[in-house]
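This report describes the fold, the helix packing and the ligand surroundings of one protein chain. The sequence and the structure are shown first, and the description follows.

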Amino acid sequence: MIEVEHLSKTYGSTEAIRDVAFRVETGEILGFLGPNGAGKTTTMRILAGYLPATSGTARIAGYDVHSDSMAVRQRIGYLPENPPLYLEMTVEGFLHFVGRIKGMAAGDRPHRVQIAMERCGLLEKRSVLIRKLSKGYRQRVGIAQAIIHDPPVIILDEPTVGLDPRQIIEVRQLIKGLAGEHTLILSTHILPEVSVTCNRVAIIHQGQIVATDSPQHLMSNLGRELTYEVEVAGDQQRAQQLLGQLPAITRVEPLSQDSQDQHGPGRSRLQVIAHPQEDPGHAIALTLVQNGLELYELRRQQVSLEEVFLNLTTQEAAPDALGIRWLTPRQSRVCSTTRQPHRRSAKEIWHGHRLRKHSGHLPAGTAELFFLALGLHRRRIILAAGGLFPSADLTRAPTASLPK
Ligand SMILES: Nc1ncnc2c1ncn2[C@@H]1O[C@H](COP(=O)(O)OP(=O)(O)OP(=O)(O)O)[C@@H](O)[C@H]1O
């Protein structure tokens, strides 16, 4: 339904996107995921026919977005990052107005306006002035105007930005409800948005697509390693040696003494690292049991989409990253002992970017100080920051804590 090939866009000397290519099949929801400035809005605007590409092609339902732009506009609904709404109109009045300027027949409009309001949960607000609506309801009006003419393709640019957690859930449900009948592409810099809402994800970084797959496949294929936690009773060194001989396994390490002590005498816990494409869970269990060791627990630790995203998008930024220079010597030590020394600081960069974007004009260093303080007074700081930056998505901030 959407086919993009070799798409590039240059603004003066800035190359916003380069050689972007992806497809979205009918009925799919594709999440277009990337950090700030990655080129998401540029791509969405080209697809919606609002911006010409410098080179390459994009087709929607077989029509070229540039040369057949009228045919394309009839077949798409577009929610820009900041939807243009007429604040002095009522919800219903505005939707009728949009129907008229989109060229819908007068006889079709009342029916389609009714359906759009129903689907977007706007019936009870139909007579309210848009000026009086909350941000979440305004976003619903933005989505309603995008679907008013029942387009087969819907393009949503950052549809949940600036919403509170409850509104985010509601808008995500609304988006999921549109799938199937419609083909959707939504851009976002919020990872949970993709795993919760989308069948497929395209990750864009510095203007280029670095991965396209289902969230599940990305997690299993692009995770650098697959890790198991094993609890066995018996000779720990023997267990280590036996597992280390399995072809899929790269190394076996005993877990820390703290972790061992919680699990009774005679038992030990091991961390088993395997190649990401292999799944040797069965072989691990069989090897231990056949060699007379008692297996108490075998748990696979899935690589998160967040880790995949960071692996793909932070290589260059990591060494002199935000955060690392703000860590205390102890915290730096902890960072440098992880397998990917800058992974933790990369998380902080990611959240720092988001803070900057949402607060608009944070002075330099504020995000870093935020994360340093977060490590010390996590709960209090999150609450305070939530009040200061109501549009920032801090719901995941606790996962970005500094090393203890
Ligand atoms: N009109 C413009 N003129 C010059 N440069 C631009 C213009 N619009 C975007 N850019 C640049 O193109 C690059 C991609 O911007 P774009 O807005 O597409 O990114 P994005 O992924 O949507 O970012 P965000 O999540 O912050 O909105 C950035 O470097 C940006 O500064």
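The protein chain contains 16 helices and 14 strands. The model is a predicted one. Of its 404 residues, 36% count as buried. Among contacts between residues at least 6 apart in sequence, 68% join residues at least 24 apart.

**Packing around α3**

Helix α3 (residues 91–101) packs with helix α4 (residues 109–119) and with helix α5 (residues 135–147). The table sets out the two pairs.

| Helix pair | Axis distance | Angle | Handedness of crossing |
|---|---|---|---|
| α3 and α4 | within 10 Å | roughly 125° | right-handed |
| α3 and α5 | 9 Å | about 30° | right-handed |

Angles from 115 to 145 degrees fall in the oblique class, and α3 and α4 are therefore oblique to each other. On the α3 side of this contact stand Val 91, Glu 92, Leu 95, His 96 and Gly 99, which meet Arg 109, Arg 112, Val 113, Ala 116 and Met 117 of α4. By class, the residues of this contact are five nonpolar, two polar and three charged.

For the other pair, an angle under 35 degrees counts as roughly parallel, so α3 and α5 are roughly parallel to each other. Here Val 91, Phe 94, Leu 95 and Val 98 of α3 meet Val 141, Ala 144 and Gln 145 of α5. This contact has six nonpolar residues, one polar residue and no charged residues. Val 91 and Leu 95 take part in the contact with α4 and also in the contact with α5.

**Surroundings of the ligand**

The shell around the ligand holds 13 residues, of which Tyr 11, Ala 16, Asn 36, Thr 41 and Thr 42 come nearest. Two or more residues each are supplied by strand β2 (14–24) and helix α1 (40–47). The element that gives the most is α1, with three residues. In terms of class, the shell consists of three nonpolar, eight polar and two charged residues.

**A loop residue**

Asn 291 lies in the loop that connects α11 (281–290) with β14 (294–301). How exposed is Asn 291? It has 14 C-beta neighbours inside 10 Å and therefore counts as partly exposed, since that class lies between 12 or fewer neighbours for exposed and 20 or more for buried. In sequence, Asn 291 and Arg 238 are 53 residues apart, while their C-alpha atoms are 9.4 Å apart in space.

How values were computed
Residues numbered from 1 in each chain as written. Predicted model: local features only at pLDDT ≥ 70, side-chain atom pairs only at ≥ 80, totals over all residues. Axes fitted to C-alpha atoms, helices over the stretch in contact; angles between N-to-C directions. Helix = DSSP H or I, 4+ residues; strand = E, 2+ residues; numbered from the N terminus. Parallel < 35°, antiparallel > 145°, perpendicular 65-115°, else oblique. Left-handed = near helix turned anticlockwise from the far one by under 90°. Contact = placed C-beta atoms within 7 Å. Nonpolar A, V, L, I, M, F, W, Y, C, P; charged D, E, K, R; others polar. Near = placed C-beta within 6 Å.
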